[in-house]
Amino acid sequence: MLKSLSQDPTSIQTARLTLVDLAGSERTKHTHTSGERLREAGNINKSLMVLGQCMETLRANQRTLARSLGQGVAPGSRLDTRDVKRGLALVPFRHSKLTEVLMDYFVGEGRAVGIAQAAPTYLRLNEVFEYR
């Protein structure tokens, strides 16, 4: 946690930086990984899959909400947001430790940035562009 004072001496800004190293999620058949490292690679891959599911669910919920708001409301009536929220899917943040840690960035006012490093060698080019 970082805290800094702004121009107003009575206010405090708080920031949080989370760094996650997902090294080790490479294909185990090429690296001949076993034991603890194999379990770690499996956990990383599961966490990445759940992260993708969370992002897909959040995007689907955004679309549902946008459609609901875009339909408009009859003159003189109000849109009950509770009805809209009942139709939203539950985001599976608690299905992995990674998504639990990053949850605040997706549901709050935080910002999330992903940085990916792809293998720089042509020998692993098929792994870089392969999508399941």
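Select Thr57 to start: in this predicted model, Thr57 is buried, with a relative accessible area of 16%, under the 20% cut-off. You'll find Thr57 in helix α2, which runs over residues 36–70. Now show its side chain and look back along the helix to Gln53: the backbone oxygen of Gln53 sits 2.8 Å from a polar side-chain atom of Thr57. Next, bring up what Thr57 touches beyond four places in sequence, namely Ala89, Leu90, Val91 and Pro92.

Of those, pick Val91. Setting aside neighbours within four places in sequence, Val91 is in contact with Cys54, Thr57, Leu58 and Asn61. Val91 also belongs to the largest nonpolar core, so select the whole set of 5: Val50, Cys54, Leu58, Val91 and Phe93.

Zoom out to α2 as a whole. Put a distance label on its end C-alpha atoms and you should read 51 Å. That agrees with the expected span, because 35 residues at 1.5 Å a residue should also give 51 Å. Then colour the buried residues of the helix: Ala41, Ile44, Ser47, Val50, Leu51, Cys54, Thr57, Leu58, Asn61 and Ser68.

Back to the core, and on to Phe93. This residue is buried, at 5% relative accessibility. Which ring is it paired with? Add Phe106: the two form a stacked aromatic pair, 6.5 Å centre to centre with 20 degrees between the planes. Phe93 is in the loop between α3 (81–86) and α4 (97–107), while Phe106 is in helix α4, so the pair ties together parts 13 residues apart in sequence. Phe106 itself counts as partly exposed, at 28% relative accessibility.

Stay on α4 and select Asp104. How many salt bridges does the structure hold? There are 2, and Asp104 is in one of them, with Arg16; their closest N and O atoms are 3.3 Å apart. Arg16 lies in the loop between β2 (12–15) and α1 (28–31) and Asp104 in helix α4, so this bridge ties together parts 88 residues apart in sequence. Both ends are partly exposed: Arg16 has a relative accessible area of 36%, and Asp104 comes in at 41%.

Last stop: return to α2 and select Arg39 with Glu36. Their side chains meet in a salt bridge, 3.0 Å from N to O. The two residues are 3 apart in the helix, which means about one helical turn separates them. Turn on the surface here and check Glu36, which is exposed, with a relative accessible area of 54%.

Note on methods:
Residues numbered from 1 in each chain as written. Predicted model: local features only at pLDDT ≥ 70, side-chain atom pairs only at ≥ 80, totals over all residues. Heavy atoms only, no water. Helix = DSSP H or I, 4+ residues; strand = E, 2+ residues; numbered from the N terminus. Buried < 20%, exposed > 50% of the residue type's maximum accessible area, 1.4 Å probe, protein only. Polar contact = N/O pair within 3.5 Å; in protein donor to acceptor, adjacent residues only side chain to side chain. Contact = heavy atoms within 4.5 Å. Core = buried A, V, L, I, M, F, W, Y, C linked by side-chain atoms within 4.5 Å. Expected span 1.5 Å × (residues − 1). Phe/Tyr/Trp six-rings, centres within 6.5 Å; stacked < 30°, edge-to-face > 60°. Salt bridge = Lys/Arg side-chain N within 4 Å of Asp/Glu carboxyl O.
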